[in-house]
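Biologist: I have a model open and would like to learn how to read its features. Could you take me through some of them, beginning with packed helices?

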Amino acid sequence: MLVQEIIRAKREGLALDEAQINHFVRGLVDGSWSEGQVAALGMAVFLRGMGRDEAVALTRAMMNSGRVLAWPDMPGPVLDKHSSGGVGDKISLMLAPLVAACGGYVPMIAGRGLGHTGGTVDKLEAIPGYTTAPDFADFDKLVRTLGVAIIGQTADLAPADRRFYATRDVTATVESVPLITASILSKKLAAGLQGLAMDVKCGNGAFAATREFGEELARSIVDVATGAGLRTRALITDMNQVLGREVGNALEVRGAIEYLTGSKPRESRTHALTLALGAEMLVLGGLAPDTQAATVKLQAALDSGAAAERFAKMVTALGGPADLLEKPDAYLASAPVVRAVPALRAGRLSAMKTRDVGLVIVELGGGRRLPGDALDMRVGLSEVRQLGDVVAAGEPLAMVHAADEAAAERAIAQVQAAMTVEDASGAWSSSPLVLAELG
């Protein structure tokens, strides 16, 4: 089978068959396809698209390109959640132990930050001693005994996706719905899941800037997952503002601990989304008859402390401190400079350039400019105001946590430029958090 003929077929808009797709995926792993050839096929798919059957075949082939996990004799459903990426999105840290406390088993293999969005693995590495790359035997044992373990992707899990994504990233072909779909689902299928809840974010802080693109991506993920044998539900959620009060690695871990323990009032949008995604997972796993009953069950696991207990045991089992929940300030690094971002005028916070807020964290050192960059876990934003809040002139819009005064000053100006405060005399109507549900 000639590589150039496979590229030519897709260039001409023809559907690739399973043999051609398998040839491509083998070439990604064994190197028989050159970088130029991989890039050419990626561009052809970007321009010509893929049908559902093609996307299912690509997903399955990439799933089978490396280790595929199995969970025989598991006493409950194996479930997971995936987010398309947002600013301040720490939901996985709370949701995985919460679902485990309700009877699910959550082998969450998470990612690192990408561009202006933070990564779950980076957040967990703000916890001293926490290992995101345990031996698979230990991972298996933890999931079976605790019901939850959150780790990073390993080199032998869907290796074809790793190479293909790296090429797409430097050839402007990332924004392809079938390729995004195959990339996400190949890793989730390789984790041996029985149910998946997708959080597809759309808005000015999301990968999908428009609701139309978000709906197209969500529909593709649900359809392809179903075709590959994985029950999936997708929520399309708003990302036109920071999710929660904190952005930054150690700060978001603090926020997650406060949420799980209830030591501070739970921010309403974060709480609503955690319960919404958790409810979908419980229903998918047969742990609740409907989302209403699932929500009651989730709230009870929070109120009883069961979810916080699961998180604490997971942290300890993966090398973190046993008393992290009791003494988070003793372990989570704090920035030496903390400065308020004063509102330049009185009024209502009416709009936020959320992507720009995410880039502030990168500028502070909490995100990567290059793949190998080390992160400053201390930096970020806290006490971020939400859209609709009314502020007085000089009142803080957020608190900047920075490594030095100069970085703090730059961040203050950037946050002020990213937030629009207008006259508060008119009526205010907040946008819904969950825009649509599919599956």
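Modeller: Gladly, and keep in mind that this is a predicted model. Let us begin with one pair: helix 2 and helix 8 are roughly perpendicular to each other.

Biologist: How is such a pair described in general, and at what angle do the axes of helix 2 and helix 8 cross?

Modeller: Two packed helices are described by the angle between their axes and the distance between the axes. Here, the axes of helix 2 (residues 18-30) and helix 8 (residues 159-169) cross at roughly 85° and come within 8 Å. Angles of 65 to 115 degrees count as roughly perpendicular, so this pair belongs in that class.

Biologist: Which residues of helix 2 and helix 8 meet?

Modeller: Helix 2 brings Phe-24, Val-25, Gly-27, Leu-28 and Val-29, and they meet Pro-159, Ala-160, Arg-163 and Phe-164 of helix 8. By class, this contact has 7 nonpolar, 1 polar and 1 charged residues.

Biologist: On to the nonpolar cores. Which residues have the most contacts inside the largest one?

Modeller: They are Ile-127, Phe-139, Ile-150 and Phe-311, in a core of 127 residues. Helix 5 (residues 91-101) gives the largest share of this core, 8 residues. Try selecting Phe-311: beyond its neighbours within four places in sequence, Phe-311 is in contact with Leu-93, Pro-97, Ile-127, Ile-257, Leu-260, Leu-324 and Leu-325. Another core, of 22 residues, lies apart from the largest one and includes Val-38, Met-50, Ala-57 and Phe-164. You have met Phe-164 already, in the contact of helix 8 with helix 2.

Biologist: Now a sheet. In what order do its 4 strands run?

Modeller: The order is 1-4-5-12, in an open sheet with mixed pairing. At the edges are strand 1 (79-83) and strand 12 (434-438), each of which pairs on one side only. Direction ignored, neighbouring strands of this sheet are turned by 15° against each other on average. For a single pairing, take strand 5 (residues 231-238), which pairs with strand 12 in the antiparallel sense over 4 bridges. There, Leu-235 is found opposite Glu-437 of strand 12.

Biologist: Last, the backbone angles. Where does Ala-172 lie, and is this residue buried or exposed?

Modeller: Ala-172 lies in the loop between helix 8 and helix 9 (177-190). Its phi is near 60°, a positive value in a residue other than glycine. With a relative accessible area of 56%, Ala-172 is exposed, because the cut-off for exposed is over 50%.

Biologist: And what about Glu-383?

Modeller: Glu-383 is not a glycine, yet has a positive phi of about 55°. This residue lies in the loop between strand 8 (380-382) and strand 9 (390-391). Glu-383 is exposed, at 52% relative accessible area.

Key: Residues are numbered from 1 along each chain as its sequence is written. This is a predicted model: local features need pLDDT of at least 70, side-chain atom pairs count only at pLDDT 80 or more; totals for chains, interfaces and linings use all residues. Side-chain values use heavy atoms; hydrogens and water are left out. Two strands pair if DSSP finds at least two bridges between them. Helices (H or I, at least four residues) and strands (E, at least two) are DSSP runs, numbered from the N terminus. Axes are lines fitted to C-alpha atoms, for helices over the stretch in contact, and angles run from 0 to 180 degrees between N-to-C directions. A nonpolar core is a set of buried Ala, Val, Leu, Ile, Met, Phe, Trp, Tyr and Cys residues joined through side-chain atoms within 4.5 Å. Buried means under 20% relative accessible area, exposed over 50%, partly exposed in between (1.4 Å probe, protein chains only). Contact means heavy atoms within 4.5 Å. Angles under 35 degrees count as roughly parallel, over 145 as roughly antiparallel, 65 to 115 as roughly perpendicular and the rest as oblique. Ala, Val, Leu, Ile, Met, Phe, Trp, Tyr, Cys and Pro count as nonpolar, Asp, Glu, Lys and Arg as charged, and the others, Gly among them, as polar.
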